[in-house]
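Here are a few exercises to work through with the model open beside you. Try each task before you read its solution.

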Amino acid sequence: MVTMKTVLILASLVALVVGSYPQYHQNVKTKTLDPKLVGVQKKVLSLLEYWKQTDTEAEYYNIGKSYDVEANIESYTDKEAVTEFLYYYKAGFLAKNELFSIFYERQALEVIALYKLFYHAKDFETFYKTAAFARVYLNEGQFVYAYYMAVIQREDTRGIVLPPPYEVMPEYFVNMDVLFKLYRIQMQKGIIVPEQAEKYGIITKDNDYYFYANYSGPWTYDNNEHLLSYFTEDIGWNSYYYYFNMKSPFWGKGADVLKGFKGRRGEIYYYIYQQILARYYLERLANGLGEIPRFSWFEKFPTGYYPSIGPYLSSFVHRSEDYYLADADNIDDIQFIDYYEKNFLQYLQNGQFKANKYEVDLYNSKSINFVGNYWQSNTDLYEKVQPRNYWRSYEVAARRVLGGAPRNYADHVYIPAALDFYQTSLRDPAFYQLYGKILEYIIQYKEHLEPYTKDVLHYVGVKVNDVKVDKLVTFFEYFDWNATNALYFSEQQLESVAPSFIVRQPRLNHKPFTVTIDIKSDVEAEAVFKIFIGPKYDGNGVPISLEDNWMNFVELDWFTHKLTSGQNKVERKSEQFFFYKEDSVPLRKVYELLNNGQVPLYMAEKFLFPPRRLMLPRGTTGGFPFQLYVIVYPYQAPAAEWGEMKEYVIDNKPYGYPFDRPVPVAYHFIQPNMYFKDVYIYQEGEQYPWDTSYYSQNLVSKH
Ligand SMILES: *[C@@H]1O[C@H](CO)[C@@H](O)[C@H](O)[C@H]1NC(C)=O
Ligand SMILES: *[C@@H]1O[C@H](CO)[C@@H](O)[C@H](O)[C@H]1NC(C)=O
């Protein structure tokens with residue numbers, strides 16, 4: 001019997017469902033792909049289709065099956081890479097069906113050898129054949145890691161679009177309850193009783209299945225951390241982190257992966273983590289969760305976590321509340337971590353770092369690149385002491401300890417933890433606590449630098465008179481994403497068009513808004529504008545001074561504008577903000593565009609940015625207070641050698657400027673060319689919409 005209450009709930013749910021269908025696949029910004037690359041693009045995508053299983057009918061199969069790497073050694077620009085790969089290959093790679101993690105040494109060495117083989121293939125044809133070979137014979141996880149990265153790094157696949165990580169590896173992005181429903185429908189060959197299916201949040205349309213998905217609840221996180229699950233489990237957020245580690249893997253030489261941008265590697269490391277942490281902190285504040293907890297390696301770790309994730313083979317480990325870190329299994333790692341931290345402090349006290357045949361002046365602002373490399377323990381830190389056989393790293397040890405898994409039995413026999421994978425790291429609250437700790441160390445280095453003075457920050461003759469912002473509104477909307485790759489298909493299914501398995505999940509978004517900046521200028525010049533958002537009050541509701549707050553600002557926008565003499569009115573729409581990209585479109589849409597020689601612009605050029613949807617933290621019904629900060633300063637062109645990252649750089653200032661250094665006196669930031677503006681963010685609709693049951697509408701969005 002339908003009670004009045006259900007009717008009411010249903011009514012509001014209908015409103016939610018109908019009112020918020022995203023139009024995200026309608027007006028996709030595209031770019032024309034070089035016609036020579038259309039074939040390349042299709043081949044790149046084809047190798048990722050159903051990549052976890054073998055399709056003996058597919059084109060790649062026969063190519064890969066008969067390809068002989070050794071016999072083709074002349075087809076690689078670096079013979080050494082081939083020899084190294086063959087060494088591991090003959091000794092035996094991680095077997096198929098084993099779970100691959102880059103944080104276990106042996107598997108990592110294998111995958112790096114595979115990546116190098118891909119990278120050094122002398123032309124695209126060779127790369128394709130090598131990849132087909134790897135797909136047929138090697139571990140699936142290693143194949144996809146090396147392949148994805150090779151497409152990002154190779155010159156001849158520049159501008160080529162990859163499906164987002166969540167479409168490639170859905171099982172790392174969706175909780176097990178949903179995954180199980182997918183498996184079940186596939187096992188039942190799609191037989192569903194519509195009435196029952198609706199009850200379980202499954203609907204079907206046009207040969208495709210749609211699965212309503214919730215986020216994790218209180219059974220997954222302790223300490224109310226589950227309130228943030230819509231954020232920490234967001235597929236775009238987690239993909240962002242995956243892409244970052246594809247572009248700048250800790251084991252890759254800066255000169256290879258970042259090219260001329262290598263000199264800024266440590267700076268980027270700091271900046272990316274600072275932005276991740278600052279953004280996360282804003283979300284915590286809006287949810288009343290307060291400060292990011294701090295922890296000691298020698299105490300109990302209070303924040304438990306039960307990831308509802310289970311790719312295959314094994315579900316992830318559960319770290320209980322008050323997990324004791326320094327037990328016998330971990331003590332070696334803890335000792336290493338502890339020394340690593342103390343060493344850093346000691347170098348800092350001496351004002352210089354002296355090891356690995358380096359001598360670095362820690363009072364120099366450029367040394368951030370060294371400091372970032374130190375904390376990432378990346379290859380550049382050891383570039384002067386090659387060759388070495390040293391695989392110990394602070395991050396790897398810290399992830400192992402915090403993950404909470406029992407000691408691994410062999411390199412390939414381990415219980416996975418969320419921190420073992422870039423796809424799932426951001427789900428674990430421990431991630432933010434760990435990187436919060438690392439940032440604190442880096443900030444201690446920054447405290448030795450000369451702060452920006454009033455003169456440096458000043459822009460003579462330029463005054464920001466006012467900043468106006470539209471009402472800032474956040475809401476949840478459904479988003480459909482293609483999780484078909486989580487499944488395995490029969491030959492018959494592959495020969496016809498296999499159905500798509502689509503996960504439908506509410507996700508955070510905001511209404512577009514405009515920031516209007518009124519400026520009075522005495523100069524005519526190209527100027528740089530930046531817009532930041534930061535907290536106004538700390539976790540206890542106490543106003544934070546800039547001295548304690550500068551590291552909490554999230555950079556929203558960065559652009560240049562030509563100032564004219566007199567009054568200037570500069571309008572920026574949130575859709576234009578520099579630091580964000582649109583969501584990826586599903587594969588079917590990519591193919592559709594490709595038929596007209598087009599690819600989605602953001603997937604081709606700006607894939608390293610976080611999703612635009614997430615720029616604002618979720619508001620509250622009554623409005624949650626934050627502040628915007630706007631600065632205008634003279635433009636200086638970026639250096640020519642940064643070309644590798646030209647889509648990600650506007651001028652020659654450090655990332656995060658002027659909040660890339662501590663602010664010892666807030667007074668320096670009271671200047672005519674800057675403006676602080678109080679804002680409120682309002683949430684429309686429910687704050688946690690997945691807490692109610694609303695999946696019964698047999699509605700499918702039109703895209
Ligand atoms: C979903 O993914 C599968 C496998 O990659 C693909 O064949 C299918 O076309 C995709 N469906 C949509 C709607 O993009
Ligand atoms: C989502 O969670 C709510 C509340 O626990 C529950 O009623 C609903 O069935 C769940 N929906 C799905 C699709 O699992």
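**Exercise 1. Place Asn-350: which helix holds it, and is it buried or exposed?**

Solution. Keep in mind throughout that this is a predicted model. Start with the secondary structure: Asn-350 sits in helix H15, which spans residues 331-350. Next, count neighbours: 10 other C-beta atoms lie within 10 Å of Asn-350. The cut-off for exposed is 12 or fewer, so Asn-350 is exposed. To finish, try a distance: Lys-96 is 254 residues away along the chain from Asn-350, and their C-alpha atoms are separated by 50 Å.

**Exercise 2. Work out why helix H17 counts as largely enclosed by the rest of the structure, and what covers its buried residues.**

Solution. First find H17 at residues 394-403. Then go through its ten residues: nine of them are buried, so the helix is largely enclosed by the rest of the structure. Those buried residues are Tyr-394, Val-396, Ala-397, Ala-398, Arg-399, Arg-400, Val-401, Leu-402 and Gly-403. Now look at the cover, which includes strand E4 (300-301), H15, helix H16 (368-376) and helix H18 (429-446). Last, step off the end of H17: Gly-404 comes after it, with a positive phi near 85°.

**Exercise 3. Split the chain into domains and describe how domain 1 meets domain 3.**

Solution. The bounds are 33-160 for domain 1, 225-446 for domain 2 and 454-477 + 503-690 for domain 3. The C-alpha centres of domains 1 and 3 are 38 Å apart. At the contact, six residues of domain 1 meet five residues of domain 3. On the domain 1 side, the touching residues are three nonpolar, two polar and one charged. For the record's view, an unreviewed UniProt entry annotates residues 451-682 as "domain: Hemocyanin C-terminal". Over that stretch you get 9% helix and 38% strand, with the end C-alpha atoms 35 Å apart.

**Exercise 4. List what surrounds ligand 1 and sort the shell by residue type.**

Solution. Going round ligand 1, you pick up Glu-49, Asn-482, Thr-484, Asn-485, Ser-500, Pro-586, Leu-587 and Arg-588. Sorted, the shell gives two nonpolar, four polar and two charged residues.

**Exercise 5. Find the largest nonpolar core and follow one of its best-connected residues.**

Solution. This core has 189 residues, and those with the most contacts inside it are Leu-114, Phe-118, Ala-146, Tyr-147, Phe-211 and Val-630. Helix H14 (residues 265-286) supplies the largest share, 13 residues. Now follow Tyr-147: leaving out residues up to four places away in sequence, Tyr-147 touches Leu-47, Phe-118 and Ala-131.

Notes: Residues numbered from 1 in each chain as written. Chains lettered and ligands numbered in written order. Predicted model: local features only at pLDDT ≥ 70, side-chain atom pairs only at ≥ 80, totals over all residues. UniProt positions renumbered as here; feature names shortened; annotations may be inferred. Helix = DSSP H or I, 4+ residues; strand = E, 2+ residues; numbered from the N terminus. Buried ≥ 20, exposed ≤ 12 C-beta atoms within 10 Å, placed from the backbone. Contact = placed C-beta atoms within 7 Å. Domains from an automatic or database assignment. Nonpolar A, V, L, I, M, F, W, Y, C, P; charged D, E, K, R; others polar. Near = placed C-beta within 6 Å. Core = buried A, V, L, I, M, F, W, Y, C linked by C-beta atoms within 7 Å.
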